[in-house]
Amino acid sequence: MKAFTTRERLLASTMIGGAMLALAAVPAAAQDQPTQVGEIVITGSRIVQPNLVTTSPVTQVTGEDIRAQGVTRVEDLVTQLPQAFAAQNSTVSNGASGTATVSLRNLGSTRTLVLIDGRRMGYGSPNDTAADLNQIPGQLVERVEVLTGGASAVYGSDAVAGVVNFITKRNVEGIQIDAQYGFYHHRNDYDGPGNLRNVIAARAATNPSQFRLPENSVMTGFSREVTALLGINAPDNRGNLTAYAGYRRNNKVLQRDYDYSSCALGAPTPTAFTCGGSGTSFPGLFTNFATYNFTLGPTPGTWQNYNAAVNAYNFGPLNYYQRPDERYVFGASGYYTLNPNVEVFTQLMFSDYSSVAQIAPSGIFANTSTINCGNPLLSNTQKTQIGCTPADIAADNSVPFFILRRNVEGGGRQDDLRYQSYRGVVGLRGEMGPGWDYDLALQYSRVQLSRTYLNDFSVTRAARAIDVVNVGGVPTCRSVVNGTDPNCVPYNIFGFVPGGVTQAALDYLQIPLIQTGYTTQQVGTLAFTGDLGQYGWQSPMASRGVQVAFGIEFRRDALGSTTDAAFASGDGAGQGGPTIGFSGAISNQDVFIEAQVPLAEGQPGMHWASLDLAYRHSNYSTGITADAYKFGADWAPVPDIRFRGSFQRAVRAPNVIELFTAQGFNLFDMDEDPCGPAQTATLAQCVATGVPAPQYGSAALDSPAGQYNFLQGGFIGLEAEESDTLTLGFVFTPSFLPRFVLSVDYYDIEVTNLISTFGAENTINECYFNNDAAACSRINRNNLGQLWIGDGFVEDLNTNIGGLSTSGVDISASYGLDLADFGMDGFGGLNFSFVGTWLESLVTDTGTGLVYDCVGQFVSSCGTPNPEWRHRARIGWSTPWDGIELAATWRHYSSVTMFGGNPARLDYEFPAINYLDLSGSWQIRDNMRLRAGVNNVLDRDPPLNASVGTTGNGNTYPQTYDAMGRFIFIGITADF
């Protein structure tokens, strides 16, 4: 009999318990009970308000939007908003944390505060402190409110770029079951610039093992999700319990299935793309980085010259475009009113999430620097060509020798990431007396990580498996002979001794790397809200008195990470450096106060006028104190138009990772070393930074994979960031055009004392192109002048740099009309919605005089694309046919160009991209609704670039563009 796993037992118990609750309830259709309209809490304030007006702009995404777009990941919908950018998500494979995060204004996910029902989420991972949206099932979401700009005075640290608040469904009564199935479909007929299909076909003719044109039509990335909601009201209508359970599974998508990602792009010619790849290749690159670069010859035991245009390894096909994942979620929320003064409430959430990130196979990445001349795996001809004399062979001396060889026999490197997340809120709220309410809440969340990195090579074992001697005619590891490592198996890769790479050798060389870790967050909040109007604090021109909220909050964030010896020592050949465990915690105590001051209402020229004020003082265990505040005002001279503006000071204290991360190597992307063949730096400059004069201009200085070493790490002396946000705008609701709403808001956000790194590539540029001595001192080259092998690196530790700022304009509009009003009886009704953002500036100031603007730019220091204009427009049609609704969505991204790139490059510019999405729903029965849709209906190919590095994926940026073709989905919702 099958043994059930813990998560299966937990899920089953939740479903059974939920079913029992449902059976106990009076039968009723599942529905969200209407919220009392009189008083509403809007994101960005703790004060209930009589209408949906705020001094800071708030954009909404509804649960209906989630269903209409067919998303199974809530981050995919949120990041369609022009104000939001993806950070970590399902399309990240190289460097994936396994989490899903969002970055408002592209200021970084750590500067975006994520809330659930107005209460903050904890760290998403011990490897990424940003909140993990994988914990939130889409069907549980009633709406998402996005407030851009500082909100630290209300919510505390981290709300620098803004707040994303997920409002969940409550007061559900009955049972609701939702199921959806979807997949990607693409036609491989890439017709963009660069003649790419012909380039791939030509490479496939000479190297079919690494290159091929995929099938003309591909269906992949199948997804399925089932969610059950059930709710019951208390018999006396004094409370409600709502529970949910869900399962989601998304299949992998491989880059080999798409023509535009089936080869890793190299530097393009002026008229065509090229297929590049990595020098860590198959059957390998064998070099001393001085006099020879060899690969295996056609005859066993011979060399031939290595030609990068022919022999570079195509690492693209095995990389995941979309990581496979599996998720179980369940939880419950409820409240019960004991008496008018006491209501108890709770919210419990659990998720079990697993995903695998796969990239190209590991191997030996120049991790060994010598080879013994008596090695029986090499022929005498091979030994002579690499510099071994007869005396060296006889004495078994060693000569300089680097191996760059891909482990094609072992398959792709797989990062198996598993998270279990718990979150609980309990509290009391109610009336203290006339006009006064209280809210006491205790909150705890925990994330548990179990990570296993598979199929990587051990640097230590690879060195032993190459160091081979002859024992009675049998090639044997020297470590076996001397007893250092009796388990060693020779790595037979030189083509001289028959047999090649055996499974025994792979079993010896391939090691798992293991990390476990946790994050916890504890929050205690006591807040009071009151109406001071009862004490005479009221404008004579307003019907409402001054409203206040004040209280105290305690928060403690902690994390711990434990890595095995292989991770901690950097023994994983394909890791780019060690992953070192660490732990730490930060606590803070806050006091806050907020006030809304109505100035006038219903007066001539003053239909409405009010002020919003807020202040928070924070005291951190690291010794940092911080003050955040807000001043806001709105004025509606007439009901048709309202002007609003606010100024907010926000803070972000350094988090545990930024403070305590152990120092260790990592990789950064750079097209070329200025001291290499490009020779964009002078000989004198390069020699001064450690390049031996004979190596100046050498191809050995350029990393074959475009990746170089940098030294990363935390800094306990970090100070808090501060940001100032100014917003000015208006809302237009003309009485002559009912159901029309237009809002236009200008925003300006400036972050100072930015917690970041200077940037390894910025350090390179400042040293060689601006003669910055401090930058040059952070460049540490190895004895051959390289920055990508061994102990060559650029120091780039966490620090406080100058700042980051952005400004622009948000435009939002909606309109609904009944076609009968225009003489079109029987044609139903239309509704329109539009949200767009013009990005005026996105400026980084390194604090050393280097300032750059990333508007309309991508790659290098600018990262993912930053279009000057983005919008999403939707038109919905409520048809005259009973229960049928149709919708079309237009998503637009303006063109972007390469930051610091050559305009003559074929891939210098990404053109403007437009996507069309279509969806529809049909009310089959009173309690059953069917929906279906296609996103990216026209199957637009993504724009391509050869320099996206690990910031992108598959020669493009799937975080921004639809890289996997059209997405087709069908779903059904049933209420009981």
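Select Leu-599 to begin: in this predicted model, the residue is partly exposed, with a relative accessible area of 33%. Leu-599 belongs to strand E31, which covers residues 582–603. Add Leu-611, Leu-613 and Phe-631 to the selection; with Leu-599 they make up a nonpolar surface patch whose combined accessible area is about 310 Å².

**Strand E11 and its partners**

Next, select residues 239–250, which form strand E11. Nine of its 12 residues are buried, so the strand is largely enclosed by the rest of the structure. Which strands pair with E11? Strand E10, residues 217–233, runs antiparallel to E11 and is joined to it by 11 bridges. Within this pairing, Ile-232 has Leu-241 of E11 as its bridge partner. Five residues lie between the two strands of the hairpin, where Asn-237 adopts a positive phi near 60°. Strand E19, residues 325–339, also pairs with E11 in the antiparallel sense, here over 12 bridges. To inspect this pairing, display Arg-249 and the residue opposite, Glu-326 in E19.

**Helix H15**

Move to residues 760–770, the 11 residues of helix H15. Eight of them are buried, so this helix is largely enclosed by the rest of the structure. The buried residues to highlight are Ala-760, Glu-761, Asn-762, Thr-763, Ile-764, Glu-766, Cys-767 and Tyr-768. Continue to Asn-771, just after H15, which has a positive phi of about 55°.

**The loop at Arg-739**

Now select Arg-739, in the loop between strand E37 (721–732) and strand E38 (740–756). Its C-alpha atom is 5.4 Å from that of Tyr-815, although the two residues are 76 residues apart along the chain. Which residues does Arg-739 contact beyond its neighbours within four places in sequence? They are Ser-814, Tyr-815, Gly-816, Leu-817, Asp-818 and Asp-821. At Gly-816, the backbone oxygen lies 2.7 Å from the side chain of Arg-739. With Asp-821, Arg-739 forms a salt bridge in which the closest N and O atoms are 3.9 Å apart. This pair links distant parts of the chain, 82 residues apart: Asp-821 lies in the loop between strand E41 (799–818) and strand E42 (829–845), and Arg-739 in the loop between E37 and E38. Are these two residues buried or exposed? Both Arg-739 and Asp-821 are exposed.

**Further salt bridges**

A network of salt bridges with shared partners can be shown by selecting Arg-46, Glu-553, Asp-590 and Arg-616. The model's salt bridges number 37. Among them is the pair Arg-652 and Glu-658, whose side chains meet at 2.9 Å, N to O. Both Arg-652 and Glu-658 are buried. Another is formed by Glu-409 and Arg-405, with the closest N and O atoms 2.9 Å apart. In this pair, Glu-409 is partly exposed, with a relative accessible area of 33%, whereas Arg-405 is buried, at 4%.

**A three-stranded sheet**

Finally, select strands E44, E47 and E48, which form an open sheet in the order E44-E47-E48 with mixed pairing. The edge strands, E44 (857–858) and E48 (909–910), each pair on one side only. E44 runs parallel to E47 (residues 896–898), and two bridges join them. As the last stop, display Phe-858, which stands opposite Met-898 in E47.

Terms used. Residues numbered from 1 in each chain as written. Predicted model: local features only at pLDDT ≥ 70, side-chain atom pairs only at ≥ 80, totals over all residues. Heavy atoms only, no water. Buried < 20%, exposed > 50% of the residue type's maximum accessible area, 1.4 Å probe, protein only. Helix = DSSP H or I, 4+ residues; strand = E, 2+ residues; numbered from the N terminus. Pairing = 2+ DSSP bridges. Patch = residues over 30% accessible without salt bridge, like charges linked within 9 Å, V, L, I, M, F, W, Y side chains within 5 Å. Areas by Shrake-Rupley, 256 points an atom, 1.4 Å probe, with all protein chains shown as cover. Salt bridge = Lys/Arg side-chain N within 4 Å of Asp/Glu carboxyl O. Contact = heavy atoms within 4.5 Å. Polar contact = N/O pair within 3.5 Å; in protein donor to acceptor, adjacent residues only side chain to side chain.
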